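Colleague: I should like to understand how the descriptive terms for this model are justified. May we go through them one at a time?

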Amino acid sequence: MEHLTDQSGLLSLGVFLPLVGVAVMIFIRPAEQALAKLVGLVTAVATLAVGIYTVAQFDYDKAASLQFYTNRGWIDVINSRFIMGLDGLGLPLYLLSMVVTVLVMIYSWNHIPEPGNAKSFFMLMLILQVGMAGTFVAQDLILFFVFFEIVLLPMYFMIGVWGGEQRQYASMKFFLYTLFGSAFMLLGFLALYFKTGAESFSMEFLAQNAPSIARGTQLWIFAGLALGFAVKVPMFPFHTWLPDAHTQAPTQGSVILAAILLKLGTFGFVRIGIPILPEAAKAYAPWIGLLAVIGIIYGALGCLAQTDMKRLIAFSSVAHMGYVMLGISTLTAMGINAAMFGMVAHGLITGMLFFVAGSVKDRYHTLEISRLSGLLKQVPHLGWIFGFCVMASLGLPGLAGFWGEFPAILSAYQPAPGLNVNLFRGYMVVAAVGTVLAASYLLWLFQRTAFGEPTAEFGGVASGHDARGHSVHGHDDGHDSHGQDDDHGVLAAHDDHRADIYDVTPLEWLAWSPLLVAIVVLGVVPGLMFKVLDPAVTNIVDSAMKVLGG
Amino acid sequence: MLAAGWVAPVIDAHALAPEIVLASALCLVIIADLFLSESRKWITSTLAGLGLLATFVPIITLAVDGNDRSMLSGGYVVDNFALVMKAVFIIGGYVVVLLSSTYLEEGDYYQGEYWTLLLSSILGMLMMSSSRDLISIFVALEFLSIPSYMLAAWRKRDLKSNEAGLKYFLLGAFASAVMLYGMSFLYGLAKTTNLAGIAAYVKEAGDTGLIAMSVVFIIVGFAFKVSAVPFHTWAPDTYEGAPTPVTAFLSVASKAAGFVGLIQIVLVGFPAAKNIWQPFFWVLAALTMTLGNLMALRQDNIVRMLAYSSVAQGGFILMPLAVASTSGTKAIEATVTYLAIYTATNLGAFAVVLAVARKTRSASISSFGGLVKYAPGLAVAMTIFLASLAGIPPAGGFIAKLTVFLAVISGGGAWGIALASIGVVNSVIAFGYYGNVMREMWMKPAPDGDESPIRIPQNLLVALGITTVATMLFGVLPQAVLRFGDLSSFFSAGG
């Protein structure tokens, strides 16, 4: 496959630009939080601008080729090179990572969680951005690994410092799980390197040479890689860090985690696992498919059992990533296209759900489903956005979620040649049942929290009158809530709660509307993204099939 | 043989220049100490620092020159390996000087003597890097050890410091005796102390019982020096009791010197006996990193934690030696790379410990609570060092672990992969205690609520700067540093 080397510095610029912002922010005094936030946001926007320019310059007729390709010496002693390139596979996620960082920063403008310190918070987000974007364009295994791991420490601190009550436990669990998986992934990388003659860590080189490795060795190597990716995805049974991390993380951390970090694992399967070790991928495909459908059902059942809104959304991630993995395990162009689409769709939708959950928590100071009720009455805009995301998440046709889920299920009907058709059709049925469960847990969640009357605790019907009207026009910026205390001294018992309940603020609209628009646009015109993905995916599947066939 | 008469050996002054310069600086410090009044003793520290920097000059000229030099029929060699290790010792030593000077002044300890001993010890290390002869290795080892026994007991009114020095001395002397015993067998068999000569003998004789015994004795002796499990028991007590800058020195430079001696004696002296030492190193490496890690998890004192961590790190450094016969140069390169990166990182960590202890007057891990609030710079630096020790990219420690794993897998077949897997699991476990310190710094409040800032003396700042930059440079642009580590000439020069 030819490489396009025009504007080869563009990817490095896009990936490393946030570090400039970090360097500048180091010199901002802690007292000047607003300035720090501004520098952080400007950097993220500038990075996004570079990203948009990159996407605009991308040659969509050659989406299967690596573009903006750069290949420089890096660590010569171990033959690891600084190779970056963007193709249709990486492009959507590369851009998404930049968009999400900007939106999360906008949202953070006045939502810095306890214990404050916006400067560090923004710096960590910028460092995270480096690792996320880098992973999607790295074409050398060591470089990939470095980016893959860069995200760990910032996320560890984000959860551990700004998280909920169990934050220290959750952050450590997150860290150790991912480190454990990626350690074995690294061993797999090293084994690949040696088994192909210790010449190069370049993905392209390995894809050409790894198929000559003995089958038994390939299986071992793939197992190592898969462990690293599977923990990150997370696939059942390596998922247990996820609910804790998501529940304890601050809203921003949850959004980034759901929107981008989980995709590093699935992306690794498609970018590294299948092209380099197609034979082993095929051998493991039935097992990956099995774990995927177990994940779908287990995640759904887990959702039904949750009493905490955020934890429920976290478990729904396990189920959704199950669909993605099912698509990948079919080893067909259709399945992988669906999986790639599903990653982006899940990023947009679940990211939004976590935003909404964060905002609900801001207002009600709880995410206990049983204590919430009547969102639609009390905060109608927020309630409807929530409903919209719920519909998108359960895979309603016309919204983005559908195009990740439905083709993935369908692709299991006819998996790649050589895979057990009946087995995969069985998976298909189970996955289809999973969608019913998904509809039930999501609708049930929506029904319990959004329908009905606001509870007495939050100034609903039981305590009378105009809670809604008051809260809507009382708090446009939502932060001087205590100024309103005098207005209703009679209701002193419920005062704290009521005073904080207000509808979607302009800043939230600003942060959310791009995601909402994207969910609709991708739902109505999925071809926008399939057009980018398909050439690259077909290329991967074709070369894998060539190896398997010949 | 003896009858042939004695011919004066040719002395290559350029090759010996680093040692000569450092020895002169050492004398200068002694003389200056005699004539300086108590209030101006600080000049000795400046002299010691300048002496070390001056020593760096001939190292650079030798490196630029690039020729391998060999004296005393191959018993004293200046090749890339020796130069890289000498550079590490000099830079490490310089950082230790920076760490010590304020500590000594404020603690009102003897200064002139301290610097003399420190420089002697570093001089021993320089000699160690070049020695390819049983006698010069032993002399170098004693030269670097004996001053450090005294340094460990430098806080002489402190019972723990005395215990540290005494324990270190007794076990060190015991280890030397064991090693010497092994060496005497080897000399008796090969009738030469020159490592190249011994190598030739061992190759011919094969694995006899006597050779096996002497090899094991020698390795056990060095295992004490590098505190490999189960010969590590002195390390935590000594590290805890010794003055903190000395602990930094012991955990980095002394340890590295032990490894240098070990590499030379094993890989140059009896590469043919690989069936004996390879399995031995395999077990030592696996035990050392696993037990070191498990015990580090239980510590609540930062210095003890770093002591066990350095034991565990020693296990990683031993790993490539377990497959050295097949991976050859790679194994040495990996060891040297690891030593260099570990030196920078661990010295940095101790610099932070020293800086924090100036305020908290405590060595417990909980005293790091809330550090990020009142000393964000220190907290970030410590985070980088801990991440590096844990092997998380993009800090240097990742490259160190990567080269070690590469070396082990490249040479070891199934055993190598098994050892690499043990190493990988251990590097995950290790995050348990490194992450614990990060957690204290970032997520816990200051233990006594005291959030007044820390005043960091200039010397410590410079030390922190050097170590932080080095740690990150190793991680991000490893090639800039690793290219000095081309050690393919090691075997040829030795043999």
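Colleague: Why are H13(A) and H17(A) called oblique to each other?

Modeller: In this predicted model, H13(A) and helix H17 (residues 400-411) of chain A pack at an angle of about 40°. Angles under 35 degrees count as roughly parallel, and 65 to 115 as roughly perpendicular. The angle of about 40° belongs to neither class, and the two helices are therefore oblique. Their axes are 8 Å apart, and the crossing is left-handed.

Colleague: Which residues make that contact, and what is their character?

Modeller: A:Tyr323, A:Val324, A:Leu326 and A:Gly327 of H13(A) meet A:Gly404, A:Glu405, A:Ala408 and A:Ser411 of H17(A). Four of these residues are nonpolar, three are polar and one is charged. Gly counts among the polar residues.

Colleague: What makes H13(A) largely enclosed by the rest of the structure?

Modeller: A residue is buried if 20 or more other C-beta atoms lie within 10 Å of its own. In H13(A), 21 of the 21 residues are buried, so the helix is described as largely enclosed. For H3(A) the count is 17 of the 18 residues, and that helix is therefore described as largely enclosed too.

Colleague: How do you know that the span of H3(A) agrees with what should be found?

Modeller: The expected span is 1.5 Å times one less than the number of residues. For the 18 residues of H3(A), residues 91-108 of chain A, that gives 26 Å, and the end C-alpha atoms are 26 Å apart, which agrees. Likewise H13(A), residues 309-329, reaches 30 Å, close to the 30 Å expected. Just after H13(A), A:Leu331 takes a positive phi of about 60°.

Colleague: Why is H4(B) called roughly parallel to H10(B)?

Modeller: Helix H4 (residues 112-130) and helix H10 (residues 244-269) of chain B pack at an angle of about 20°, with axes 9 Å apart. The cut-off is 35 degrees, and about 20° lies under it, so H4(B) is roughly parallel to H10(B). The contact involves B:Met125, B:Met128 and B:Ser129 of H4(B), with B:Ala253, B:Ala257, B:Val260 and B:Gly261 of H10(B). Five of these residues are nonpolar, two are polar and none is charged.

Colleague: How many residues does each chain bring to the contact between chains A and B, and which helix of chain B gives the largest share?

Modeller: Chain B contributes 22 residues and chain A 28. On the side of chain B, H17(B) provides the largest share, with 15 residues. That side divides into 15 nonpolar, six polar and one charged.

Conventions. Residues numbered from 1 in each chain as written. Chains lettered and ligands numbered in written order. Predicted model: local features only at pLDDT ≥ 70, side-chain atom pairs only at ≥ 80, totals over all residues. Axes fitted to C-alpha atoms, helices over the stretch in contact; angles between N-to-C directions. Helix = DSSP H or I, 4+ residues; strand = E, 2+ residues; numbered from the N terminus. Parallel < 35°, antiparallel > 145°, perpendicular 65-115°, else oblique. Contact = placed C-beta atoms within 7 Å. Buried ≥ 20, exposed ≤ 12 C-beta atoms within 10 Å, placed from the backbone. Left-handed = near helix turned anticlockwise from the far one by under 90°.
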